Amino acid sequence: MNVSKSGYRVFSANSTTACTELAKKITERLGVELGKSVVYQESNRETRVDVKESVRGQNIFIIQTIPRDVNTAIMELLVMAYALKTNCAENIIGVIPYFPYSKQCKMRKRGSIVCKLLASMLAKAGLTHIITMDLHQKEIQGFFSFPVDNLRASPFLLQYIQDEIPDYRNAIIVAKSPSAAKRAQSYAERLRLGLAVMHGEAQCSESDMADGRHSPPPLSSGRTTSGHPGLELPLMMAKEKPPITVVGDVGGRIAIIVDDIIDDVEDFVAAAEILKERGAYKIYIMATHGLLSAEAPRLIEESAIDEVVVTNTVPHEVQKLQCPKIKTVDVSMILAEAIRRIHNGESMAYLFRNITVDD
């Protein structure tokens, strides 16, 4: 393809090896050259972006992976988008395989929905479209004032199971918690396998007393008030964590735990131990985004988990060096096809064929 006549450019929003590598894979599949730009941090840690070629009137795709330093990556994306907007780009499409702050998409006590804030910032910076993959909650798309294409990694992970796991017909798909049951059911139905659900994982309980929900506060002795006394609301029973149970027979089977994000791995390690006790002889973890923070590589290496399979939406080369159990599935093919279809105004339905909302 002749880049000068294609009417679009693909830029990398940072100079890290992982982001540049993913960007090169995508541009090679598209048959275009990577856009010329420089993204760097000044001595005072301010982000600076220099675009080295004309982008006037073109569709610009910014590829941004999210490394450990999440906030720097966000600023790189915002500054680059604004620079391209200032230089009269026609459309600015962010290719953000893992959308940061997606876990903070619900109100927690006196917190805030940070994901909504980030969506507003991206729109203000000049983005007109986003390509992402496996949002933590599908409803996040409603935070944006412009189109969002939420691609799925499940076809690639399902293919890995069929090609790389010997005797996968003897496997059972496991949901680590009831909230992951729909995703696990979707995998199980496609592979024609059984389904097991784990229940009773440790959950972060919220203290109503600490949260101040027992207002109005009780009056001190000697105080009087002419106001309305507090309403006597029904007293809710406190949550009690049940012991961990596995609904489904995993004895003598390969257990495949599926999820969208694997970050802090303590829950996965505990789940693997329970599955081993129940008779599973091999345990695989399949997830789209391998954040693998803190001591995750060491914990995985020392655990009963046989293999952790993630995609290259998030850089994790360092973690792979620390833990040989971590394997990577390349999803650059679907990202490149999404870019091509958006630029050419083609339907995206082909990328979602036979894919349900539960994937």
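A salt bridge, in the sense used here, is a side-chain nitrogen of Lys or Arg lying within 4 Å of a carboxyl oxygen of Asp or Glu. Side chains of opposite charge can pair in this way when their charged atoms come close. The structure shown above is a predicted model, and by this definition it holds 12 salt bridges. One of them joins Arg29 to Asp330, with the closest N and O atoms 3.7 Å apart. Because Arg29 belongs to helix α2 while Asp330 sits in the loop between β14 (326–329) and α11, this pair ties together parts that are 301 residues apart in sequence.

The two helices named there are a good place to begin looking at the packing. Helix α2 (residues 17–30) and helix α11 (residues 332–344) have axes that come within 9 Å and cross at roughly 55°, and the two are therefore oblique to each other. Their crossing is right-handed. On the side of α2, the residues that meet the partner helix are Leu22, Lys25, Ile26, Arg29 and Leu30, and on the side of α11 they are Ser332, Met333, Leu335, Ala336, Ile339 and Arg340. Sorted by class, this contact of α2 with α11 consists of seven nonpolar residues, one polar residue and three charged residues. Arg29 thus appears twice in this account, both in the contact with α11 and in the salt bridge with Asp330.

From these helices we can move to a sheet. Strands of a sheet pair through backbone hydrogen bonds, either parallel or antiparallel. Here, an open sheet of five strands follows the order β1-β4-β5-β6-β7, and its pairing is parallel. At the edges of this sheet stand β1 (8–12) and β7 (148–151), each of which pairs on one side only, and from one strand to the next the twist averages 15°. Within the sheet, strand β5 (residues 91–96) and strand β6 (residues 129–133) pair in the parallel sense over four bridges, and Gly94 is found opposite Ile130 in β6. Helix α2 lies across β1 and β4 (59–63), running at about 160° to β1, while α11 packs on the sheet and touches β1, β4, β5, β6 and β7, its direction making about 160° with that of β6.

Another pair of helices, α3 (residues 70–86) and α4 (residues 114–125), packs at an angle of about 25°, with the axes 8 Å apart. An angle under 35 degrees counts as roughly parallel, and α3 and α4 are therefore described as roughly parallel to each other. Their contact is made by Ile74, Leu77, Leu78, Ala81, Tyr82 and Lys85 of α3 together with Leu118, Met121, Leu122, Lys124 and Ala125 of α4. By class, the contact of α3 with α4 has nine nonpolar residues, no polar residues and two charged ones.

Further along the chain there is an open sheet of seven strands, in the order β10-β9-β8-β11-β12-β13-β14, whose pairing is mixed. Its edges are formed by β10 (245–247) and β14, each with a single partner strand, so one side of each is left without a neighbour in the sheet. The twist in this sheet averages 25° from one strand to the next. Strand β11 (residues 254–262) and strand β12 (residues 282–290) run parallel and are joined by eight bridges, with Ile262 having Gly290 in β12 as its bridge partner. Helix α5 (residues 154–164) packs on this sheet, touching β11, β12, β13 (307–311) and β14, and its direction makes about 155° with that of β12. Helix α6 (residues 181–191) also packs on the sheet, where it touches β8 (171–175), β9 (194–199) and β11, at about 165° to the direction of β8.

These two helices also pack against each other, for α5 and α6 meet at an angle of about 50° with their axes 11 Å apart, and they are therefore oblique to each other. In passing α6, helix α5 makes a right-handed crossing. The residues in contact are Ser154, Leu157, Leu158, Ile161 and Gln162 of α5 and Tyr187, Arg190 and Leu191 of α6.

Finally, the reader may turn to a hairpin. Strand β2 (residues 37–41) and strand β3 (residues 47–51) run antiparallel and are joined by five bridges, and the bridge partner of Val38 in β3 is Asp50. Five residues lie between the strands of this hairpin, in which Arg45 takes a positive phi near 75°.

Definitions and conventions. Residues are numbered from 1 along each chain as its sequence is written. This is a predicted model: local features need pLDDT of at least 70, side-chain atom pairs count only at pLDDT 80 or more; totals for chains, interfaces and linings use all residues. Side-chain values use heavy atoms; hydrogens and water are left out. Axes are lines fitted to C-alpha atoms, for helices over the stretch in contact, and angles run from 0 to 180 degrees between N-to-C directions. Angles under 35 degrees count as roughly parallel, over 145 as roughly antiparallel, 65 to 115 as roughly perpendicular and the rest as oblique. A crossing is left-handed if the near helix is turned anticlockwise from the far one by less than a right angle, and right-handed if clockwise. Contact means heavy atoms within 4.5 Å. Ala, Val, Leu, Ile, Met, Phe, Trp, Tyr, Cys and Pro count as nonpolar, Asp, Glu, Lys and Arg as charged, and the others, Gly among them, as polar. Two strands pair if DSSP finds at least two bridges between them.
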